[in-house]
Amino acid sequence: MSKKILVLPGDGIGPEITTEAVKILNACRDAGLDVELEQALVGGAGYDAEGDPLPAATLDKARNADAILLGAVGGPQWDTLEDLSKRPEKGLLGLRKNLNLFANLRPALLYPQLAEASTLKPEVVSGLDIMIVRELTGGIYFGQPRGIEERDGERVGYNTYVYSESEIERIGRVAFEMAQKRGGKLCSVDKANVLEVTILWREVMNRLAPEYPDVELSHMYVDNAAMQLVRAPKQFDVVVTGNMFGDILSDAAAMLTGSIGMLPSASLNEHQQGMYEPCHGSAPDIAGQGLANPLATILSVAMMLRYSLGQAELAARIERAVGQVLDDGLRTADIAYPGTRQVSTREMGDAVLAAFLEA
Ligand code: IPM
Ligand code: MG
């Protein structure tokens with residue numbers, strides 16, 4: 001039976017980059033991959049058309065899809081919406097929560113061709129290969145109570161940072177298993193010197209460790225982890241952390257690879273149903289100008305093939321095609337430097353497609 005893929009272009013550069021990624025998906029279909037593609041609205045695009053960043057029809061299609069490819073959501077025109085539940089970001093968070101996509105995999109991999117594009121010295125980042133496993137449906141992003149209210153004559157804003165043992169355990173297991181398949185090292189990042197919720201986090205990680213004797217578990221406070229990521233990033237193999245710390249650290253890790261425009265991600269539930277999206281945002285400042293880097297979205301398609309569609313070979317073929325265009329010296333604006341050839345979003349997509357078809 002053919003697998004269903006839902007494409008959600010979203011806002012800003014979202015439509016441009018998903019267009020390029022869909023070209024690759026179509027090429028996979030021509031090569032025999034049995035998939036059906038559908039599109040729907042999310043984020044600001046959903047709000048403008050339906051008054052809702054996650055229209056009911058979109059959520060329905062998402063539930064029925066085997067995998068979702070998402071561009072990006074958000075933009076300044078929606079930042080002033082008073083009702084937070086109507087903001088584009090709520091569309092994304094709603095998808096993650098409703099589909100129970102608790103395991104967010106963010107691989108920060110340095111393509112050797114891009115060592116010069118990083119703001120860090122090439123010797124610090126060359127050979128970098130980190131997998132950040134971010135918990136995605138809990139923590140302070142979703143904790144209750146939350147709000148802004150009047151107390152003693154002034155407004156007070158508050159959120160709740162909460163994790164249950166079972167939530168910690170299930171993301172912990174994903175991370176331990178990931179470390180088993182990779183370099184055997186797992187670093188759990190917390191703030192256990194201050195926050196009770198992460199004292200529990202650390203306890204649960206320690207409790208799981210004996211079940212994975214082939215994995216070496218370590219712990220690090222999040223402030224130190226931020227420093228170590230820019231000081232000596234190659235010490236990390238797999239990093240597991242909560243929702244907010246993972247959001248922040250994965251942006252830092254992305255820059256190690258030259259550009260956040262290179263970082264794909266997978267968000268999975270227990271049934272390997274997944275949503276695949278670039279880690280970067282909607283970049284409204286460069287939208288519609290052909291400046292966006294489509295590679296993170298194209299690499300997200302590779303992750304989709306690997307994790308939700310059981311097509312590791314096609315995934316590797318896409319990754320090789322990306323390596324090929326980088327070898328050929330093609331660069332979008334974010335990764336261009338003297339001696340390389342700057343190309344547009346579409347030219348980059350077409351070049352990856354050509355390399356994919358030749359392979
Ligand atoms: C990300 C983004 C989202 C997040 C935003 C757009 C809600 O920054 O996927 O990292 O904070 O999770
Ligand atoms: Mg983020």
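Me: Accessible areas come from the Shrake-Rupley method with a 1.4 Å probe, and for residues only the protein chains shown count as cover. How much area does the protein expose, and what share do carbon and sulfur atoms supply?

Reply: The exposed area of the protein is about 15,300 Å², and carbon and sulfur atoms supply 50% of it. This is a predicted model, in which local features need pLDDT of at least 70 and side-chain atom pairs count only at pLDDT 80 or more, while totals for chains, interfaces and linings use all residues. Residues are numbered from 1 along each chain as its sequence is written, and side-chain values use heavy atoms, with hydrogens and water left out.

Me: What percentage of the residues is buried?

Reply: Buried means under 20% relative accessible area (1.4 Å probe, protein chains only). In the protein, 54% of the 359 residues are buried.

Me: How many helices and strands are there?

Reply: Helices (H or I, at least four residues) and strands (E, at least two) are DSSP runs, numbered from the N terminus. The protein has twelve helices and 14 strands.

Me: At what angle do the axes of α8 and α9 cross?

Reply: Axes are lines fitted to C-alpha atoms, for helices over the stretch in contact, and angles run from 0 to 180 degrees between N-to-C directions. The axes of α8 (residues 222–231) and α9 (residues 243–256) cross at roughly 10° and come within 9 Å. Therefore α8 is roughly parallel to α9, a term for angles under 35 degrees.

Me: Which residues of α8 and α9 meet?

Reply: Contact means heavy atoms within 4.5 Å. V222, A225, A226, L229 and V230 in α8 meet F245, L249, A252, A253 and L256 in α9.

Technical notes:
Chains lettered and ligands numbered in written order. Parallel < 35°, antiparallel > 145°, perpendicular 65-115°, else oblique. Buried < 20%, exposed > 50% of the residue type's maximum accessible area, 1.4 Å probe, protein only.
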